[in-house]
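Open the model in your viewer and keep a selection panel at hand. The stops below go from one selection to the next.

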Number of protein chains: 2
Amino acid sequence: MLNHKRPTIDDVARLAGLSTATVSRFINGSAVVSAERAAKIKAAIQELHYTPHLAAQMLASNKTRAIGLLLPTISGAFFAPVLRGVETRAIEKGYSLLVHSTQAQAQNAAGKGTFKKILAEHNTDGLLIFAASVDATELSRLHSIGFPVVLLHQASPKEFSLPAITVENKNGVRALIDHLIEDHQRRRIVQLRGPENHDDTYWRDLGYRQSLEAHGIPYEADLIETGGFNTEQARQAMRRILTRGIHFDAVFAGDDESASGAMMALREAGWRIPQDAAVVGFDDLNLAEHLTPPLTTVHSPIEQVASEAVELLVKQIGGEAVPAETLLPTYLVRRNSCGCS
Amino acid sequence: MLNHKRPTIDDVARLAGLSTATVSRFINGSAVVSAERAAKIKAAIQELHYTPHLAAQMLASNKTRAIGLLLPTISGAFFAPVLRGVETRAIEKGYSLLVHSTQAQAQNAAGKGTFKKILAEHNTDGLLIFAASVDATELSRLHSIGFPVVLLHQASPKEFSLPAITVENKNGVRALIDHLIEDHQRRRIVQLRGPENHDDTYWRDLGYRQSLEAHGIPYEADLIETGGFNTEQARQAMRRILTRGIHFDAVFAGDDESASGAMMALREAGWRIPQDAAVVGFDDLNLAEHLTPPLTTVHSPIEQVASEAVELLVKQIGGEAVPAETLLPTYLVRRNSCGCS
DNA sequence: CTGTATGATGTAAACGCTTACAGTAAGCGC
DNA sequence: GCGCTTACTGTAAGCGTTTACATCATACAG
């Protein structure tokens, strides 16, 4: 395929009149090399356009200098910040990034287990696992072989402990619903829940319940639907709610993308936001600010979760201990969709 | 780090009472192995939980089974479909995906050239290069060594030919502006241009000019600003336009994200869309439909470009010839922001 | 029965690097 | 001058695969 046979470390060593060991040490900075020879090596590398063969480095050093990111699916506005956070920090730490969406794989005939072959042990030094992308069995296996792993937006299984990082879902939602109740006198608040296999769903629901309870408002099953953290699903969920003909004066959409869907459904039905119903989300994605009216939501440091996760992973790879659970703070962002001005 | 020393192909061979060559052939299906021994090998692999060491395979076979995706930056709603398209098709083809944002790298002290080390020749079998992520020198080098490359949303340099794939920018914009002029009688149409180093910018501008010209409308520099294919930049660009106090009755925002920013600026200034000014975008991202009013735009098959690009790359890797230029069709999507109902 | 394909398997040499180990030269205290 | 560090540098043995080549049955034509 390639025209030129690529230069190897031997070529560089020969041209510089030195041994491969010295060249290797210079390249990796793994030992001091005299200035004079360093210059020669540098020149030789330049001249030959030499780049180390990573596979060879991996094989010899038994390190891949790569981390894997496992996602359930790549879609929605949510994953851009995740990816950006992971990528930036990974590069910074000198790792390259292998991305794998487990959903694409599941649809594929090659099918389940593929990701193991592609990402697992041999190919990465560690794995970043996003909520709902890997099943418990596999997690358990990874844990049992002591493979470095960090869970994102997902709690560690009870049976064993894997470091997990996510945001303050419960308190964030608590503040959000409190605001709706206390500052805008809303009492019948629809909740569009996220996917059932998602930990964020659980905690957000808990925050919702706690806020209601604190204000003496009963939890009503009629006001609950599944929005799936997804615009289209949320839109349909909202339509179902509307069909029920029940009274409500606010909607907590689960996340911002769902809020967008909920708004559409409401508007289709002629509702005014926030007069007829306040709508609030969670995440504070870029789009939140651009909705009409601008969305009141909870700011979630998604990108920071991602880069912090890389940090934790790299620490683990280096053999350091890391906290079992990391929770990044969230805070309420008041815009207009709740009735604030 | 890992508890168990992992089994090698030798272990498998020993357990099965065969040679490593036979095991290797069985694993890769690179030659026929008698049914009897195949069974033995399979059993041995199972028993040992053997998985091939990819670095070793790469080194020995000189293939990585990985492709690299180079992006200028990972942000905005635009990259999610790109990534999804690439990822899905890559897996399908049996390749893993290395993602690298060249901007993150540029900011990094380690600095320029890093990506070469991480992604280039040795680590991937081919590269997908998104507009503006790699400079001409590097492209030229890749071309000169015959390394498989596909350019996305970027034309091939004139000096040499690299396969490129993008969408019908010019005709798409042409249809869009024609619509504004012919169906909505707009004649003073602001254009928010994309980044200057971006080919899409050039072609979209050309479509804009051609449409004006065809309708006998002069091209006015006053109506042009740089939106940078970016919400915030576009918002500010729009504000500058408003400050000029010039008359206009429509805005072609360059892309959908810019359209969102333009809408915000217009609304801030008390303009009604589309009555006071029509606003149109390009791409037809998810968000287009969710803006208020829903955005008239040009549908661009972003995900398809991405997956087609993988297809082209894999063909090249396999030694097949591929077309120098691929243009995927776009079409006008009329929603309300232009005045349609 | 010999000669020759044919098919399945084994042997061992790469692949390009890292790194343990073994020098070697220079500096220093005495 | 001697021995002991200190500071580099070189030699060569892996790392776990693939694969060209050799080998060895077996089958089949003549």
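Start with the protein surface near DNA strand D in this predicted model. Select helix H2 (20-28) and helix H4 (54-61) of chain A, then helix H1 (9-16), helix H2 (20-28) and helix H4 (54-61) of chain B; each supplies at least two residues of that surface.

Next, show the residues around DNA strand D as sticks. There are 28 of them, and Thr22(A), Arg37(A), Ile9(B), Ser24(B) and Tyr50(B) come nearest. By class, the residues of this surface divide into 12 nonpolar, 11 polar and 5 charged.

Now colour DNA strand D by sugar, phosphate and base. Of its atoms within 4 Å of the protein, 63% belong to sugar or phosphate, and the rest belong to bases.

Three polar contacts can be picked out here. Which part of DNA strand D does each one involve?

- Asn28(B): a polar side-chain atom lies 2.8 Å from a phosphate oxygen of DNA strand D.
- Gln57(B): an N or O atom in the side chain is 3.1 Å from a phosphate oxygen of the strand.
- Ala60(A): a polar backbone atom is 3.5 Å from a base oxygen of DNA strand D.

Hide the DNA and select both protein chains. The contact takes 56 residues from chain A and 54 residues from chain B. The size of an interface is often given as the accessible area lost when the parts come together. Between chain A and chain B the buried area is about 5100 Å², with carbon and sulfur atoms giving 62% of it.

How many salt bridges are counted between chain A and chain B? The count is 2. For one of them, select Arg235(B) and Glu289(A), whose closest N and O atoms are 3.3 Å apart. Across the interface, 7 residue pairs are in polar contact, with both residues at pLDDT 80 or more.

Stay on the side of chain A that touches chain B. Elements giving two or more residues to this side include strand S2 (96-101), helix H11 (231-244), helix H12 (256-268) and helix H14 (302-317) of chain A. The largest share, 7 residues, comes from H5(A). This side divides into 24 nonpolar, 23 polar and 9 charged residues.

For the last stop, select S2(A) together with strand S2 (residues 96-101) of chain B. The two strands run antiparallel and are joined by 3 bridges. Centre the view on Leu98(A), which stands opposite Leu98(B) in S2(B).

Definitions and conventions: Residues are numbered from 1 along each chain as its sequence is written. Chains are lettered from A and ligands numbered from 1 in the order in which they are written. This is a predicted model: local features need pLDDT of at least 70, side-chain atom pairs count only at pLDDT 80 or more; totals for chains, interfaces and linings use all residues. Side-chain values use heavy atoms; hydrogens and water are left out. A residue is near a molecule or strand if one of its heavy atoms lies within 4 Å of it. A polar contact is a pair of N or O atoms within 3.5 Å; within protein, one must be able to donate a hydrogen and the other to accept it, and residues adjacent in sequence count only if both atoms are side-chain atoms. Helices (H or I, at least four residues) and strands (E, at least two) are DSSP runs, numbered from the N terminus. Ala, Val, Leu, Ile, Met, Phe, Trp, Tyr, Cys and Pro count as nonpolar, Asp, Glu, Lys and Arg as charged, and the others, Gly among them, as polar. Contact means heavy atoms within 4.5 Å. Buried area is the accessible area (1.4 Å probe) that two parts lose on being put together, summed over both. A salt bridge is a side-chain nitrogen of Lys or Arg within 4 Å of a carboxyl oxygen of Asp or Glu. Two strands pair if DSSP finds at least two bridges between them.
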